[in-house]
Amino acid sequence: MSKFKSDFLRTLDERGFIHQISDESGLDELFAKETVSAYIGFDPTAPSLHAGGLIQIMMLHWLQQTGHRAVSLMGGGTGMVGDPSFKEEARKLMTVETIEENIASIKRVFSNYLSYGEGPSDALMINNADWLRDLNYLEFLRDVGRHFSVNRMLSFDSVKTRLDREQSLSFLEFNYMILQAYDFVELARRYDVRLQMGGSDQWGNIVNGIDLGHRMGTGQLYALTSPLLTTASGAKMGKSVNGAVWLNADMLGAYEFWQYWRNTEDADVSRFLKLYTTLPMDEIARLSQLAGSEINEVKKILATEITAMLHGRAAAEAAAETARKTFEEGGLSADLPTVDVLSTELEAGIGVLVAFAEKTGLVASNGEARRQVKSGGLKVNDATVTDDKQVLTARDLTPEGVIKLSFGKKKHVLLRPV
């Protein structure tokens with residue numbers, strides 16, 4: 001039984017989203033009696049967010065579903081500095097043009113989870129460049145900087161870990177936490193935002209904003225953080241052996257996204273159903289009881305539900321069907337990830353190690369491909385590769401005009417001549 005009376009906090013609590021809250025009873029009271037505006041900031045460090053950021057997007061989703069106003073804050077201003085929190089070195093500085101391009105690309109994902117508009121519970125997408133880029137430095141130092149204690153800032157874990165390792169922290173990065181705190185104040189003034197949410201590594205930065213708001217005359221502000229997630233085996237969320245699990249479809253297709261969740265470890269299935277799907281809790285409780293071979297069917301449900309929210313139900317079901325044909329029937333599906341190669345290359349012949357490593361990235365290197373050949377881990381058109389000097393040519397094309405490369409049972413790529 002949840003200790004919260006507001007729908008929003010009760011939902012977050014029972015689904016496992018809550019790590020810390022600055023004032024539990026005060027925030028619960030606020031949500032129970034008012035329509036509350038809350039925000040999460042997103043750094044435009046790449047053209048897409050990855051699956052590690054999905055927990056934050058789902059928090060905004062549930063905020064809106066329980067009748068409140070979700071604000072997705074894009075860091076068009078702070079992105080020029082870069083968040084140093086728990087980073088071993090400074091981020092590479094980006095140009096304004098790159099930041100703007102990244103924001104435009106990232107925005108496409110949010111409309112799958114939030115409904116934007118002008119109504120009281122419609123979501124808002126705001127760019128902190130609106131108030132940060134035109135700041136007068138001297139006025140900012142006098143009006144905002146004077147409220148910050150360097151002694152206190154140095155005590156934050158995110159700063160201390162860098163300094164304890166004797167890794168340089170530039171003055172530019174040191175300013176980031178001041179700018180993030182100021183964002184909270186500006187959002188409170190402009191949009192009556194009362195709550196900032198984020199991962200647990202953002203706790204110090206968010207509390208800074210509450211403190212600054214108190215000193216600069218805003219109403220009471222609140223902090224809520226989610227746990228920093230790793231998989232049961234300790235891997236970072238949003239990272240796979242092939243790199244980041246991007247949310248933008250042009251950087252990672254629906255099938256590969258589906259596969260990432262289908263490969264969830266058994267110990268994570270119940271937790272991920274709560275965090276990343278909108279299935280009712282009683283249905284999740286039922287699915288969580290299944291074990292043995294049935295857990296594989298639950299993983300398919302998990303993958304399909306998560307993929308449906310991002311890519312649409314049709315794309316999610318197509319991905320599930322592609323997987324079924326590929327794994328259960330040993331068939332060939334045009335929906336598998338495809339890599340184009342020049343017809344002239346295929347006529348000359350492509351070494352099997354090069355095909356698996358350099359052309360498709362199914363394995364990390366030629367050396368790894370050679371090791372996998374020895375252990376029988378690689379297949380071409382479902383036939384195990386036994387010779388690491390094998391050469392792929394046009395003779396290997398299937399009737400569908402492709403060559404199917406497989407690494408293990410779950411990773412497949414089609415080579416297609418163009």
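In this predicted model, helix α11 is followed by glycine 217, whose phi is positive, near 90 degrees. The helix itself spans residues 203-216, and its 14 residues reach 20 Å from the first C-alpha to the last, close to the 20 Å expected at 1.5 Å a residue. Burial within α11 involves Gly204, Asn205, Ile206, Asn208, Gly209, Ile210, Leu212, Gly213 and Met216. The elements that cover these buried residues include the helices α6 (137-143), α7 (150-155) and α10 (176-191), together with the strands β5 (193-199) and β6 (222-226).

A second region of interest is centred on strand β3. In this strand, residues 69-74, 6 of the 6 residues are buried. Side chains in a regular strand alternate between the two faces of the sheet. In β3, Arg69, Val71 and Leu73 point one way, whereas Ala70, Ser72 and Met74 point the other way, and all are buried. On one side of the pairing scheme, strand β2 (residues 37-42) runs parallel to β3 and is joined to it by 6 bridges, with alanine 38 having alanine 70 as its bridge partner in β3. Together with helix α3 (residues 54-65), β2 and β3 make a right-handed β-α-β unit. Strand β3 also pairs with strand β4 (residues 124-127), again in the parallel sense, over 4 bridges, and methionine 74 stands opposite asparagine 127 in β4.

The nonpolar interior was examined next. The largest nonpolar core has 68 residues, and those with the most contacts inside it are Trp261 and Tyr276. Helix α3 gives the most to this core, with 8 residues. A second, separate core of 33 residues includes Val71, Met177, Leu179 and Ala181; of these, Val71 belongs to β3, where it points the same way as Arg69 and Leu73. Tryptophan 261, when residues up to four places away in sequence are not counted, touches Ala51, Leu54, Met237, Phe272, Tyr276, Lys299, Leu302, Ala303 and Ile306. Trp261 is also one of the buried residues of helix α12, alongside Ala254, Tyr255, Phe257, Trp258, Gln259, Tyr260 and Arg262. Because 8 of the 9 residues of α12 (residues 254-262) are buried, this helix is largely enclosed by the rest of the structure.

Towards higher residue numbers, 5 strands form an open sheet in the order β9-β15-β14-β11-β12, with mixed pairing. Strands β9 (338-341) and β12 (383-384) stand at the edges, each with a single partner strand, so one side of each is left without a neighbour in the sheet. The parallel contribution includes the pairing of β9 with β15, which are joined by 4 bridges, and valine 339 has leucine 415 as its bridge partner in β15. Leucine 415 also stands opposite isoleucine 403, a residue of strand β14 (residues 403-407), in which 4 of the 5 residues are buried.

Strand β14 is joined to β15 (residues 411-417) by 5 bridges, and these two strands run antiparallel. They form a hairpin with 3 residues between them, and glycine 408 in the turn has a positive phi of about 70 degrees. Strand β14 also pairs with strand β11 (residues 378-380), in the antiparallel sense and over 3 bridges, with leucine 405 of β14 being the bridge partner of valine 380.

Notes. Residues are numbered from 1 along each chain as its sequence is written. This is a predicted model: local features need pLDDT of at least 70, side-chain atom pairs count only at pLDDT 80 or more; totals for chains, interfaces and linings use all residues. Side-chain values use heavy atoms; hydrogens and water are left out. Buried means under 20% relative accessible area, exposed over 50%, partly exposed in between (1.4 Å probe, protein chains only). Two strands pair if DSSP finds at least two bridges between them. The expected span of a helix is 1.5 Å times one less than its number of residues. Contact means heavy atoms within 4.5 Å. A crossover is right-handed if, with the strands pointing away from the viewer, the path from the first strand over the helix to the second runs clockwise. A nonpolar core is a set of buried Ala, Val, Leu, Ile, Met, Phe, Trp, Tyr and Cys residues joined through side-chain atoms within 4.5 Å.
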